[in-house]
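Thanks for making the time this morning. I would like to walk you through a few local features, so please have the sequence and the structure open as I speak.

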Amino acid sequence: MSIPEPQKNAPLSADELPRGTELMLGQYKISEYLNHGGFGITYLASDSLNRRVVVKECFPGSLCHRSRLAVKARSRAHVSELEGVVKLFMREAQALSKLEHDNIVGVHQVFEDHGTAYMVLDFIEGHDLLKYIEKPDLNLSPSEIKQILEKLLDAIGFVHQAGLLHRDISPDNIILTENLDPKLIDFGAARDKATKATQALSSLRVVKDGYSPQEFYLAGSEQGPSSDLYSLAATFYHIITGETPTDSQVRITAHVSDEPDPYIPLAKRTTAYDKNFCAAIDKALMVLPKDRLQSSEEWKQMMNAVPVAQAAKPARPAKSPASPKAANVAKAKPRNKAARRTASNKKAQIQVAAATFAAVAVLVGGTYFAKEPQEAIAASASFQPASIAASDTPNPVVEAAAGMDRIIAPIDPVVPVAPAVVEKEVVIDVAALQTDWAGGKVGVSWFLDMPFTILDDGEISNVSDAIEGIDAGDRLVEINGQAVESVEDLRVITREVALSSNGVEALVEVTVLNPATGETTQATIITDVVYETTVETGLRTQTRMQADAWETKVLTVPPADADELRTGDTLVALISASQRIEGGASFASILAGAMQSDRDTADFALRRDETLWVVNIQLDSEAE
């Protein structure tokens with residue numbers, strides 16, 4: 001295979017094999033170190049006939065270390081995982097050796113040595129596309145670029161037909177020969193499509209900012225041919241414009257935040273290519289996998305189609321001419337270097353402030369998602385998670401009922417007043433709401449968030465400051481004309497009121513008695529309908545409408561999610577399908593859908609302390 005030209009003076013670390021090292025009983029000899037990625041180390045070598053070849057060594061640095069020449073697990077805990085990775089490397093290298101295509105690097109041999117696996121590939125003379133981008137004197141004409149793309153689409157289609165994904169397409173992994181014939185190289189990250197066994201490699205994901213689609217950043221995410229096509233489109237966007245497209249993590253953040261897509265369509269960056277050509281690249285670069293081109297053949301048909309296909313639309317249409325957050329995202333400078341980094345040990349987050357996106361943690365090479373939010377973060381004053389967690393029956397998370405309930409009018413004692421008529425379109429038909437999901441693994445219930453609590457004897461306590469005319473110590477007499485004699489009566493009556501509401505809020509007329517004076521007071525209030533979702537893992541959330549938007553907050557964190565979730569977190573969306581949580585039973589529905597896959601966990605976007613995070617939530621209570 002080829003690879004970037006040998007780094008003649010590249011410093012060696014303790015991980016690389018020294019020059020002169022012999023492999024497979026002297027059949028191959030290491031000449032130069034080339035590069036080091038998340039899956040392994042690449043060398044220039046010579047074979048027994050003194051021909052130049054490239055050797056790829058399976059060396060997942062997060063799991064292993066070098067002991068003299070041998071590759072050994074970093075600890076006993078890593079032994080089985082390392083063995084699994086080596087077996088996968090061997091299996092997939094053998095599959096690659098069967099790929100014979102003019103535009104794919106040839107694999108000569110696959111073998112085991114020094115406690116790990118190796119594959120031997122063609123050495124190809126030429127320059128990678130990154131050099132063409134960086135060197136003005138190596139300009140490619142539009143016609144040459146189109147021809148190169150056509151050949152690479154054939155090559156990638158061939159790979160996909162064999163049931164494989166490349167997973168690391170970028171300018172530095174495409175070499176042009178002297179005749180400008182492209183060769184797709186560096187299949188070190190390649191693997192079978194969506195197989196259960198390959199999840200052992202999920203901690204060794206290779207991501208390249210600007211080129212990797214958003215699903216490459218998430219462990220266990222669904223990946224397919226459209227993932228490779230995204231990277232290829234990003235590569236050619238870079239070749240044509242001189243800049244990488246907006247990072248997929250910034251774009252998915254904009255999407256889940258309901259902001260405009262900051263991606264700039266190719267036709268707005270160049271006039272040297274026809275609209276079909278540009279529209280195909282734009283569609284391949286859609287942030288959601290379901291919206292992209294799904295095959296190389298579909299790309300070629302769109303690119304060569306007549307009449308002109310409409311250019312791909314951004315993931316989210318702009319709500320206004322200018323948005324402070326969107327404007328700042330759009331200003332992010334794309335990188336010109338194809339910097340490689342493994343995603344397993346990186347953390348990042350995006351600050352969703354009112355005026356700007358600001359990085360507030362270690363960035364994953366310019367990405368803005370935090371994958372492992374285990375670090376201590378000062379809790380927002382409005383969240384107060386400790387007090388919430390300590391309560392046996394916590395009130396709705398964040399701002400208690402005081403912020404949710406609104407008095408229409410306090411009523412003078414013993415003067416009944418007809419409640420104001422509030423006509424609102426029914427948002428959720430509570431009576432028709434599905435309460436049982438995923439075969440009973442997820443359940444949904446609802447209640448009214450009353451601005452007070454009552455004790456067993458009917459005494460009122462914990463009265464919201466927003467309620468006038470009702471005091472702690474009063475006794476609840478009636479709700480909407482129905483007598484209340486116990487806590488259970490309150491539950492039953494308020495559930496009935498919720499059933500006849502618009503699913504968002506309900507009008508409630510309350511009558512209370514002051515035991516000291518014997519006077520009764522009526523008050524009419526509007527109170528939120530709250531939906532509680534419980535999962536068999538122990539996760540519990542509450543959903544309500546807040547400022548014309550649905551908000552789902554974590555109420556109880558199960559032990560399996562203790563490193564990921566915190567009480568008071570606001571769940572936003574399922575990342576893999578970009579499904580926003582919008583409705584009383586929306587979270588339950590999304591969870592039930594995720595449970596239909598063969599994965600044990602799912603990645604969700606959430607807000608914490610005005611920061612957007614990505615967390616991995618357990619789906620199966622029996623999973624380890």
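When I say contact, I mean heavy atoms within 4.5 Å. Please also keep in mind throughout that this is a predicted model.

Let me begin with Gln434, which sits in the loop that runs between β18 (406–410) and β19 (436–437). Is this residue buried, partly exposed or exposed? Gln434 counts as partly exposed, because its relative accessibility is 39%, and the partly exposed class lies between under 20% for buried and over 50% for exposed. If we set aside the neighbours within four places in sequence, Gln434 is in contact with Val444 and Ala585. A polar atom of the Gln434 side chain also lies 2.8 Å from the backbone oxygen of Asp436. As for Ser589, its C-alpha is 9.2 Å from that of Gln434, although 155 residues separate the two in sequence.

Moving on to a second loop, we find Asp181 between β11 (174–176) and β12 (182–184). Not counting residues up to four places away in sequence, Asp181 touches Asp102, Asn103, Lys151, Ile175 and Leu176, and with Lys151 there is a polar contact from side chain to side chain, at 3.2 Å.

Finally, let us turn to a hairpin, in which β7 (residues 107–113) and β8 (residues 116–122) pair in the antiparallel sense over six bridges. Within that pairing, Glu112 has Ala117 of β8 as its bridge partner. Two residues lie between the strands of this hairpin, and His114 takes a positive phi there, near 55°.

Notes:
Residues are numbered from 1 along each chain as its sequence is written. This is a predicted model: local features need pLDDT of at least 70, side-chain atom pairs count only at pLDDT 80 or more; totals for chains, interfaces and linings use all residues. Side-chain values use heavy atoms; hydrogens and water are left out. Helices (H or I, at least four residues) and strands (E, at least two) are DSSP runs, numbered from the N terminus. Buried means under 20% relative accessible area, exposed over 50%, partly exposed in between (1.4 Å probe, protein chains only). A polar contact is a pair of N or O atoms within 3.5 Å; within protein, one must be able to donate a hydrogen and the other to accept it, and residues adjacent in sequence count only if both atoms are side-chain atoms. Two strands pair if DSSP finds at least two bridges between them.
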